[in-house]
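Student: Hey, got a minute to go through a structure with me? I'd like to poke around in it and ask things as they come up.

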Amino acid sequence: MKPFTRYLLTKIAWYLLAFLAAAALNFFLPRLIPGNPVDQIVSGMGSGGTVSSASLQRIYATYIKEFGLDQPLIVQFGTYLNRLFHGDLGTSFANYPASVNSIVRAALPWSIALQLPAILIGWLIGNVLGAIAAYRGGVFDRTVFLGALGFSSIPYFSLAILLLYGFAVAWPILPSSGGYNFINSPSFTFGFFVDALQHYILPFLSLVLIVIGGQAVGMRSMAIYELGSDYVSYENSMGLGENRIIRGIFRNAMLPQITGLALAIGSLVGGALITEIVFSYPGIGTTLFTAIGQNDYPVIQGITILITLAVLGANFLVDLSYGFIDPRIRASQQGER
Amino acid sequence: MLSSLLKNSRFTFSAVLLLIVVLVGVIGPMIRTANPLFAVGGRYDRPDSKLWLGTDAIGNDVFLQLIHGIGNSLYIGLVAGVIATLIGVIIGLSAGYFGGLLDEILMGMTNVFITIPTIVILVLLSVTLNSRSTVLLGVIIGVTSWPWTARAVRAQAASLRSREHVDVARLSGISTPRILLGEILPYMASYVVMAFVLQMSSGILNEAGLSLLGLGPDNSISLGKLLQGALQGEALRTGAYWAILPPTLILALISFSLLMVQSSLDEYFNPRLRRNT
């Protein structure tokens, strides 16, 4: 257990360092602008005409209070980190006095509800498809491979726009924007559920097709590699059933694919920023887009730190599980880092 | 080398597609020199014999913007690709070849940067800068996307440095820079070219993503800005397909053909991946 503890501690140290680097970028980058950063931000907002002068002053006062702007920069950074550790992302400029936490909390469930099923379902279908294609070969393989390659190499927002044009404009069978019809309001009724589901189909489809493509391509090449191994020819010569061999290949080619799954779930918060914008879906992406348009710096910072935390967390879990699963990887990673 | 590559139909097909797009993006703006950001018609005029792709939400010529946008997007991708590859190769090569403490420090830095999502750094940098030219945007994208190249190059350099020919070169007193350039780099040249192609592709897509978020280049047009303008101007919902479908398809085409070129190069250089498809 001892080497594992050391492995764990070094990993934790590295992730802590990565988080500190991200937090420092988050904090110091806007302050690189010459002059008082808050002056810059606030006056920029004023000239944009998005905020009235009375609330500008309130924002200014709040900002000074939140970060102790009369203090040296390093103390301010400490204040920032301290607030962060307590889960406080600050106060929004544009929607003053709404807290960034409440804005994020309203958007996050939509992003998760859109992406988690897309990632899980896409991952499952893609891997099964890739394994079968590799095993069968021939026309089936070629069709699946080229199709998967096509979907995985199209930019995800291009696919989103094409689907939107196809099924909401050219052949208008589905709604073109939003998470639900604007005459509705979110509630736990059957009518709202159907409405939300209709708005869900296109963005979901645009994401799931890309995931299927990427996973199928990855799984196929892993499985082809497995096909050359001894146990497969042994099982073949023993006359074992096709399904059983495919299942065997599947299990062995799985490890890297599981990493992919964990990392995909980690990129969930920031993964479909543009999809949401294309469909005006009320998630994190649309919130970030609005915040950028309004120069709402606290909201932008809150979302970027959230995306970072999700990705760091997933990476950490992947590293951790690898350490458990495979002692060889643990050893090599100790050497490699 | 080229003749056997050209036998690969996937390579030829994607390379020709790419070449056509590049030619349109390079030669197009030389022939049609008018300012693409100048209104020539009304909101969403339909395509006709004079305006091939009609106008956008503010009356600009979509076709003119498209050819200028292709050029600018490719340019941003090129700048980003060159910078990312250069930084990646320098850091990876030094870490892998020299090893020791330098390796520890450089790879530690790289691993920290790899775990911070690129989009986060891109958004923060772009928000910080008040004005963004096309070059600057390419530079920003380039300096955020080197870590993967660095890690891969480091692995290659570390294995190459213990090869016999490198030992021979070292023993015969050849200077370190010349060993790096003459004995190490040529053996990973194919790899670096492929990494560059991928970097360029992701650079072009990153530009589009940033532009769609409202952080695109100022006072100039790109494929991403065309998309953003069309989405914000409700081009799809008002049926103005000519304003939004061309940049969408061109972006897909560029991304698709660059990845195809990369994967056929990969198959070419790594025979193990070959299978009769």
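Student: Leaving aside neighbours within four places in sequence, which residues is B:Ile174 in contact with?

Tutor: With those neighbours set aside, B:Ile174 is in contact with B:Ala169 and B:Ile179. Keep in mind that this is a predicted model.

Student: Okay, and where in chain B is B:Ile174?

Tutor: B:Ile174 is in the loop between helix H8 (164-171) and helix H9 (176-212) of chain B.

Student: Does B:Ile174 count as buried, exposed or partly exposed, and why?

Tutor: B:Ile174 counts as partly exposed because its relative accessibility is 32%, and partly exposed covers what is neither under 20% nor over 50%.

Student: Cool. Zooming out, how many helices and strands does chain B have?

Tutor: Chain B has 11 helices and zero strands. Reading from the N terminus, its elements go α-α-α-α-α-α-α-α-α-α-α.

Student: What box do the C-alpha atoms of chain B fill?

Tutor: Taken along the principal axes, roughly 75 × 45 × 30 Å. Chain B has 277 residues, and 53% of them are buried.

Student: What share of the contacts in chain B with a separation of 6 or more comes from residues 24 or more positions apart?

Tutor: For chain B, that share is 71%.

Student: And what about its surface?

Tutor: Chain B exposes about 12,200 Å², and carbon and sulfur atoms supply 66% of that. As for charges, chain B has 18 positive and 14 negative ones, and their mean positions are 5 Å apart.

Student: Now chain A. How many helices and strands are there in chain A?

Tutor: Chain A has 16 helices and zero strands. It has 337 residues, 47% of which count as buried. In chain A, residues 24 or more positions apart account for 74% of the contacts with a separation of 6 or more. Its accessible surface comes to about 15,900 Å², with 67% belonging to carbon and sulfur atoms.

Student: Which residues form the nonpolar patch on the surface?

Tutor: A:Ile112, A:Leu116, A:Leu120, A:Ile121, A:Leu124, A:Ile125 and A:Ile265 form it, and together they have about 530 Å² of accessible area.

Student: Which helix gives the most to that nonpolar patch?

Tutor: Helix H5 (residues 100-136) of chain A does, with six residues. A:Ile125 lies in that helix, and A:Ile125 is partly exposed at a relative accessible area of 39%.

Student: Switching to salt bridges: how many does the structure hold over all chains?

Tutor: Eight. One of them joins the side chains of A:Arg220 and A:Asp141, at 2.7 Å from N to O. A:Arg220 lies in helix H8 (residues 190-227) of chain A and A:Asp141 in helix H6 (residues 138-153) of chain A, so the pair ties together parts that are 79 residues apart in sequence.

Student: Are A:Arg220 and A:Asp141 buried or exposed?

Tutor: A:Arg220 is buried, with a relative accessible area of 7%. A:Asp141 is buried too, with 2%.

Student: Got one from chain B?

Tutor: Sure, the side chains of B:Arg32 and B:Asp61 meet in a salt bridge at 3.3 Å, N to O. Both residues are in the loop between helix H2 (9-31) and helix H3 (62-98) of chain B, so the pair ties together parts that are 29 residues apart in sequence. B:Arg32 counts as partly exposed at 29% relative accessibility, whereas B:Asp61 is buried at 5%.

Student: Anything odd about the backbone in that loop?

Tutor: B:Tyr44 is found in the loop between H2 and H3 of chain B, and B:Tyr44 has a positive phi of about 50° although it is not a glycine. Most residues other than glycine have a negative phi. B:Tyr44 counts as buried, at 12% relative accessibility.

Student: What is the phi of B:Glu234?

Tutor: B:Glu234 has a positive phi of about 55°, and it is not a glycine. B:Glu234 is found in the loop between helix H10 (223-232) and helix H11 (241-269) of chain B.

Student: Which residue does B:Glu234 meet in a salt bridge?

Tutor: The side chain of B:Glu234 meets that of B:Arg237, at 3.3 Å from N to O. B:Glu234 is partly exposed at 33% relative accessibility, and B:Arg237 counts as partly exposed at 28%.

Notes. Residues are numbered from 1 along each chain as its sequence is written. Chains are lettered from A and ligands numbered from 1 in the order in which they are written. This is a predicted model: local features need pLDDT of at least 70, side-chain atom pairs count only at pLDDT 80 or more; totals for chains, interfaces and linings use all residues. Side-chain values use heavy atoms; hydrogens and water are left out. Helices (H or I, at least four residues) and strands (E, at least two) are DSSP runs, numbered from the N terminus. Buried means under 20% relative accessible area, exposed over 50%, partly exposed in between (1.4 Å probe, protein chains only). Contact means heavy atoms within 4.5 Å. Accessible areas come from the Shrake-Rupley method with a 1.4 Å probe; for residues, only the protein chains shown count as cover. Lys and Arg count as positive and Asp and Glu as negative; His and the chain ends are not counted. The place of a charge is taken as NZ of Lys, CZ of Arg, CG of Asp or CD of Glu. Patches are made of residues with over 30% relative accessible area and no salt bridge: like charges are joined within 9 Å, nonpolar side chains (Val, Leu, Ile, Met, Phe, Trp, Tyr) within 5 Å. A salt bridge is a side-chain nitrogen of Lys or Arg within 4 Å of a carboxyl oxygen of Asp or Glu.
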